[in-house]
Amino acid sequence: IAPTCFDNAKNQDETDIDCGGVTCAPCQLSGLILNEVDYDQVGADNGEFVEIYNNTGAPVSLVGVHLVLVNGANSTSYLSVDLSPAALLAQGQYLVVGPPNLMIDPGALKVDFAKAIDNLQNDTEGLALVDVGGPTLLDALSYEGSITMANLPNLPGTTLVEGTAFT
């Protein structure tokens with residue numbers, strides 16, 4: 001099989017896996033990003049979601065990538081959502097993790113939370129995108145406060161603060 005810009009290998013004249021060089025789209029440092037979080041609605045939390053954006057310049061395999069939710073009270077994970085069922089996130093495409101009944105843009109991919117309501121906690125909490133094969137932290141954030149020592153699976157003591165923390 002001839003090498004391509006989508007074969008999940010660094011080959012041809014690529015400067016990284018499936019990007020760079022003359023042949024493939026440019027590599028970008030930003031990668032997969034946690035783009036939007038809606039964690040607290042008025043009344044029942046039945047429309048909460050996390051939106052992930054592929055800003056790499058190339059398709060990204062989601063096999064082995066997890067969205068890890070962190071409790072700010074004890075800095076431990078309370079839920080890990082495997083994004084592998086979405087398979088491949090195209091360059092510039094969105095992936096939404098939300099309840100089964102959540103309507104999304106037809107161009108986006110979706111992975112369902114197991115429950116219809118109350119998946120994201122509403123206090124000082126955090127999110128991490130983790131490639132569990134590394135393990136590698138791809139992106140993270142904390143909301144309603146700072147989590148600077150999260151105990152993620154195989155990544156203890158990880159900060160989820162993005163940018164400058166404000167109190």
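**Entry 1: the salt bridge**

A salt bridge, as I use the term here, is a side-chain nitrogen of Lys or Arg within 4 Å of a carboxyl oxygen of Asp or Glu. I am working with a predicted model, and I began by looking for such pairs. How many salt bridges does the structure hold? I found one.

The partners are Asp112 and Lys110, and their closest N and O atoms lie 2.6 Å apart. I was glad to recall the general idea that side chains of opposite charge can pair when their charged atoms come close.

Next I asked myself whether these two residues are buried or exposed. Asp112 turned out to be partly exposed, with a relative accessible area of 40%. Lys110 is also partly exposed, at 26%. Both values fall in the band between buried, under 20%, and exposed, over 50%.

**Entry 2: the open sheet**

I then traced a sheet. Four strands form it, in the order E1-E2-E7-E8, and I noted that the sheet is open and its pairing mixed. Which strands are at the edges? They are E1 (32-38) and E8 (109-112), each of which pairs on one side only. From one strand to the next, the twist averages 20°.

I looked more carefully at E8. Its pairing with strand E7 (residues 94-98) is in the parallel sense, over four bridges. Within that pairing I saw Val97 standing opposite Val111 of E8.

**Entry 3: strand E9 and its partners**

I moved on to E9, residues 125-131. Why do I call E9 largely enclosed by the rest of the structure? Six of its seven residues are buried, so the description fits.

I followed the pairings of E9 in turn. With strand E4 (residues 65-71) the sense is antiparallel, over seven bridges, and here Val68 has Ala128 as its bridge partner in E9. With strand E10 (residues 136-143) I again found seven bridges, and these strands too run antiparallel. In this pairing Val130 is matched by Leu137 of E10. E9 and E10 make a hairpin, and I noted four residues between them.

**Entry 4: the nonpolar cores**

A general reminder to myself: in soluble globular proteins, nonpolar side chains tend to be buried together. I looked for such groups here.

The largest nonpolar core has 23 residues, and those touching the most other members are Ile52, Leu67, Leu83 and Leu127. Which elements give two or more residues to this core? My list reads E1, strand E2 (49-54), E4, E7, E9 and E10. E4 gives the most, with three residues.

I picked Leu67 for a closer look. Leaving aside residues up to four places away in sequence, Leu67 touches Leu34, Val50, Leu79, Ser80, Val81, Leu83, Val97, Leu127 and Ala128.

Apart from the largest core lies another, of 10 residues. Among them I wrote down Ala128, Val130, Ile147 and Leu152.

**Entry 5: Ser142**

My last stop was Ser142, which is found in strand E10. What does the side chain of Ser142 reach? I found the backbone nitrogen of Ile147 at 3.4 Å. A polar atom of this side chain also lies 3.0 Å from the backbone oxygen of Gly145.

I finished with the contacts of Ser142. Not counting residues up to four places away in sequence, Ser142 touches Glu125, Gly126, Ile147, Leu160 and Val161.

Conventions:
Residues numbered from 1 in each chain as written. Predicted model: local features only at pLDDT ≥ 70, side-chain atom pairs only at ≥ 80, totals over all residues. Heavy atoms only, no water. Buried < 20%, exposed > 50% of the residue type's maximum accessible area, 1.4 Å probe, protein only. Pairing = 2+ DSSP bridges. Axes fitted to C-alpha atoms, helices over the stretch in contact; angles between N-to-C directions. Core = buried A, V, L, I, M, F, W, Y, C linked by side-chain atoms within 4.5 Å. Contact = heavy atoms within 4.5 Å. Polar contact = N/O pair within 3.5 Å; in protein donor to acceptor, adjacent residues only side chain to side chain.
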